[in-house]
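Open your viewer and get ready to click along. We will take a few stops, one selection at a time.

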Amino acid sequence: MRGWAESRRGGLTLVLTRRCPVRCGFCPQSFEDKDMSPAVLDASLRSLGRRFGDSGPIKLFGGEPLVRPDLVRQAVLGAARLGLKGGVLLSTHGKLMAPAMVRFLRGHPEVEVAFGRPSPWAGRLPRVTLNFILEPGARAEVVLRRLRRSLALGHKSFNFLPVYFIPWKAGDLAGLRRSLAGLARLIKGLRKAGMALEVKNLRRQGRLPLYNDGPCVDTDGTVYCSNLVLAKGMKPLAEVLRLGSVARPRLKAAPSPAALGSVMTACFSPEAMEGTRAADAALSEFVHDLR
Ligand code: SF4
């Protein structure tokens, strides 16, 4: 699967909040009025952060983590105090990014900010990636315009993501392939002209589409094998994904790929799984084309 991230880099996902005020129509997550407590955050960093935070980043996740800027700061400062070598990844829509947070992040080059939409702050932060979302029905010329606008805002690093876990109609898939072919042409042209432009999909591949494949601490301190536990409809299946708790960080072994596959099949409709496979295959062709 090309459409996600970080799974080969290790690291630890921290769900700082289950809240998100944005509610993108395509988002597969379930939302709850729950935040991580500062004590659980501290315990997560001291136990699991020490164990997983050198091989990959501490991923600050939600919901929308910037609903709780205090926890974002605590996590960044805590990881720095512990001397974790994997850095920090802040995954945010960007709408709640405030000037005070930008000033804070400018002092922390170990933090990579992954925006969910083009951000005017892109050129002001030390390390930025744009999760470039490709929705069904988006016309190729509109997608290319969005890439040009993102470049004008200072974005130079991109992770292209078709919307997953929805049924993709044949016409929408053909449109996705057109958009990706146009993006590949534009990117090659810009590179040829000397622009340093990074496509993260070239370096990333994981077992799960969209979700991280590695330990994930939920707001209440329960540890799961993936943030897949945040998906709508996953609650009754959460036990299969549960590894332990930050209070007793002796974690169980992660479920096998077959068990993970069964959880996904039980949670998502066959049409949504087929749409995910087809959209990811189009993304893989794009990656192949750019190599
Ligand atoms: S994609 Fe991100 S910003 Fe959009 S609703 Fe889901 S959590 Fe919120």
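Select Arg-149 to begin: this residue is exposed, because just 11 other C-beta atoms lie within 10 Å. Exposed means 12 or fewer other C-beta atoms within 10 Å of a residue's own, buried means 20 or more, and partly exposed is in between, with C-beta atoms placed from the backbone. Arg-149 sits in helix H4 (residues 140–152); helices here are DSSP runs (H or I) of at least four residues, numbered from the N terminus. Now add Pro-118: it is 31 residues away along the chain, yet the two C-alpha atoms are separated by 7.8 Å.

A note on what you are viewing: this is a predicted model, where local features need pLDDT of at least 70 and side-chain atom pairs count only at pLDDT 80 or more, while totals for chains, interfaces and linings use all residues. Residues are numbered from 1 along each chain as its sequence is written.

Next, select helix H7 (residues 257–267). Which of its residues are buried? They are Leu-260, Val-263 and Met-264. Seen down the helix axis, these fall within an arc of 95° (taken from the directions from the axis to the C-beta atoms), so they line one face of H7. The face turned away from that side carries exposed Ala-258, Thr-265 and Ala-266. Show helix H6 (238–241) and helix H8 (270–290) too, as they are among what covers the buried residues of H7.

Last stop: Ala-75. Leaving aside neighbours within four places in sequence, Ala-75 is in contact (C-beta atoms, placed from the backbone, within 7 Å) with Leu-14, Leu-41, Leu-45, Ile-58, Leu-60 and Val-88.

Key
Contact = placed C-beta atoms within 7 Å. Helix = DSSP H or I, 4+ residues; strand = E, 2+ residues; numbered from the N terminus.
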